[in-house]
Amino acid sequence: EVVLKLYFANEEGTALVPVECKVEYNTNVPVEKLVMEQLIAGPNTVNAYPTVNPATKIINVTVNDGTCYLNVDQTFLTQVYTVNSDVAIYSVVNSLVELENVNKVQILVNGESEISYRESMNLNTTFGRNLDLEYSYEEQVVITPRNYVFEFRKAGIMKNHYAMIGMAYVQNDYPLYYEATNEKGLSAAGL
């Protein structure tokens, strides 16, 4: 048994959702092939949606010097789900790069790399992990006006402060900032 971290789509098909799953593992099958088989099968959990055409056939998978060469049939090019092209490609790439022996992925279709995926992504390159597509928590640009009343659980109420702008998740009309800069140029980020 092996635990795999796979990336599927969110409901809108615009971001990646990481899913850990336990899979029975036969050491005669390359784990890279197992990852791709699981992606083709789709997620077995709620809040994650498939990204790869379920009729896709794996021709072969090899790893050489940290690059995984994934060769699939042309069915891979036919998207049957409502998923952005980059989400579909990076679902495969990010899932494979989770393996310790893989740093990059080259996707081949019937042995060819001079192909475009859905006319928007060229497959003639090696792809590395893309963290920009991981699931969004609906953060947005938020401007808080000067002297907006902040009520803190342990620090009490703050009525006097500078205006600020930053990225935040808004819950019950209350901004939860990831990072922000005030009108005097002081910046802060939560890491």
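This report covers a buried glutamine, the largest nonpolar core and an open sheet in a predicted model.

**Gln79**

Gln79 sits in the loop that lies between strand E4 (67-72) and helix H2 (85-97). Its relative accessible area is 17%, and because buried means under 20%, Gln79 counts as buried. The side chain of Gln79 has polar atoms placed close to two backbone atoms, as listed here.

| Backbone atom | Distance to a polar atom of the Gln79 side chain |
|---|---|
| Oxygen of Thr51 | 3.0 Å |
| Nitrogen of Tyr81 | 3.0 Å |

With residues up to four places away in sequence left out, Gln79 touches Thr51, Ala88, Tyr117 and Arg118.

**Nonpolar core**

The largest nonpolar core holds 44 residues, and the members that touch the most other members are Leu4, Met36, Phe76, Ile89, Val92 and Leu96. Two or more residues of this core come from each of strand E1 (2-9), strand E2 (16-23), helix H1 (31-41), strand E3 (58-64), E4, H2 and strand E5 (104-109). H2 gives the most, with 8 residues. Apart from neighbours within four places in sequence, Met36 is in contact with Val52, Ile58, Leu70, Val72, Phe76 and Val92.

**Open sheet**

An open sheet is formed by 4 strands in the order E9-E12-E13-E14, with antiparallel pairing. Strand E9 (140-144) and strand E14 (187-189) are the edge strands, each pairing on one side only. From one strand to the next, the twist averages 45°. Strand E13 (174-182) pairs with E14 in the antiparallel sense over 3 bridges. Ala180 has Ala188 in E14 as its bridge partner.

Methods:
Residues numbered from 1 in each chain as written. Predicted model: local features only at pLDDT ≥ 70, side-chain atom pairs only at ≥ 80, totals over all residues. Heavy atoms only, no water. Buried < 20%, exposed > 50% of the residue type's maximum accessible area, 1.4 Å probe, protein only. Polar contact = N/O pair within 3.5 Å; in protein donor to acceptor, adjacent residues only side chain to side chain. Contact = heavy atoms within 4.5 Å. Core = buried A, V, L, I, M, F, W, Y, C linked by side-chain atoms within 4.5 Å. Pairing = 2+ DSSP bridges. Axes fitted to C-alpha atoms, helices over the stretch in contact; angles between N-to-C directions.
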